[in-house]
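I set out to record which charged side chains pair with one another and where charge collects on the surface. The entries below follow the order in which I looked things up.

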Amino acid sequence: MIIKGKAKDLLEDSLNNALLAVEIYNKPKLEGRLKSYIIHMNIAWTKALHAYFHRTMGEKYFYKDKKGKYLRIDDEKKAWELKTCIDKYKNLPIGVAENLKFFIGLRNKIEHTYLDCTDLEIKTFGECQALLYNYENFIIKQFGYNYAINTSLPFSLQFSELRKDNAYISSKNLLSKEMVKINEYIDKYRSNISDEIYNTQEYSIKLVQIPVVSNASKNDLAIQFVNWEKLDEKEKEEVNKLTTIIKNKTIFRNVINCDRLMPGQATKLIKKSVTSYNQNINTALVYIFSIKPSKKIESDKDPFDTNTKYCYYDQTHDDYQYTNEWVEFVISLFNNNKISIPKVNELYRNRKKIDISEYE
């Protein structure tokens, strides 16, 4: 496939950013490599989608005002950002789309921080690898094998152990409080997508490294990849046995929506003990204590930015669900006269917030 003009320029810019992202990520001990990888891969994906749109529909991937004039920033036409590109491109597999949205949110969380993200590199390796694989597949599908970059990328050498000396652990402890919100974002995002999507290779690559010590030909490749989808059930069972042997801990993922309550359900349970309680009071309390973003007042906030002790965002249904702890907290709040309904209404009316820790 021959790509010309602006589309070619966009594609080449995209490829250069992808190569730079991988080069940075694979440099040992380079500080900020995860942050740089995410930023450059976001740019690479955005430019690749712009190249596709330019080739297929011309310059329709720019924002216009109500009068049909192009919106401009510093005299340059404002192009669709990555989130809009994902929404406009209708054929992305859901696992690919969720992987990209995960990194859009993560970029917003860490772009302007100065945190040591070494732990996050380990925690998000599967998503990082999938981000790159998905990009490669998109490039080949839309622009042909001539633009594939996998022949340019060596495999990154890995040490057998993850080293943490006392100085490193101490520095991480100092940063731990600052990392809480980022880790919460990752955990909440993962918990709010279905197991079916989470387990796809498009969302997160799961790799197991097994040294081969016998029956290997001298002509064999040092690294071989097995396509999970092409394995039969017996072969999958054997691989699962190996991963079970290798694991040094068991990771449990919460059942989606288990023991969570819709707003009406939570209000109904609270009303049994606080007779004057209603949905409006619930909405006011949630805002006052910053339990979740208010759609009407704080529509620009990340919907996942909730107090997970009391509330979770359900991405599938685009709504919020409450925990039993929220019901218990509110009942205790009023029964112990820590706050009154007139006070709640006054605070909400004046858009005042208070620290929930003082009432827990």
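**Notebook: charged side chains**

Entry 1. I looked up K77 and found that its side chain forms a salt bridge with that of E59, at 2.5 Å from N to O. The two residues stand 18 apart in the chain and link distant parts of it: K77 belongs to strand 2 (residues 76-77), while E59 sits in the loop between helix 2 and strand 1 (72-73). I note that the model is a predicted one.

Entry 2. I then asked whether the partners of this pair are buried or exposed. K77 has a relative accessible area of 24% and is therefore partly exposed. E59, at 33%, is likewise partly exposed. The range that applies here lies between under 20% for buried and over 50% for exposed.

Entry 3. I noted the general background for such contacts. Side chains of opposite charge can pair when their charged atoms come close.

Entry 4. I turned to K47, whose side chain meets that of D13 in a salt bridge of 3.7 Å, N to O. Which parts of the chain does this pair tie together? K47 lies in helix 2 (residues 33-57) and D13 in helix 1 (residues 5-25), so the salt bridge joins parts that are 34 residues apart in sequence. I recorded K47 as partly exposed, because its relative accessibility is 24%. D13 also counts as partly exposed, with a relative accessibility of 30%.

Entry 5. I looked next at a pair within one helix. The side chains of K83 and D87 form a salt bridge, with 2.9 Å from N to O. Both residues lie in helix 3 (residues 82-88), and they are four residues apart, so about one helical turn separates them. K83 is partly exposed at 37% relative accessibility, and D87 is partly exposed with a relative accessible area of 37%.

Entry 6. How many salt bridges does the count give? I recorded eight, taking a side-chain nitrogen of Lys or Arg within 4 Å of a carboxyl oxygen of Asp or Glu as the criterion.

Entry 7. I then looked for charge gathered on the surface. D232, E233, E235 and E237 form a patch of negative charge there. I followed one of these residues further: E237 is part of helix 9 (residues 233-246). Its relative accessible area is 44%, so I entered E237 as partly exposed.

Methods. Residues numbered from 1 in each chain as written. Predicted model: local features only at pLDDT ≥ 70, side-chain atom pairs only at ≥ 80, totals over all residues. Heavy atoms only, no water. Patch = residues over 30% accessible without salt bridge, like charges linked within 9 Å, V, L, I, M, F, W, Y side chains within 5 Å. Areas by Shrake-Rupley, 256 points an atom, 1.4 Å probe, with all protein chains shown as cover. Lys, Arg positive; Asp, Glu negative; His and termini not counted. Charge placed at Lys NZ, Arg CZ, Asp CG, Glu CD. Buried < 20%, exposed > 50% of the residue type's maximum accessible area, 1.4 Å probe, protein only.
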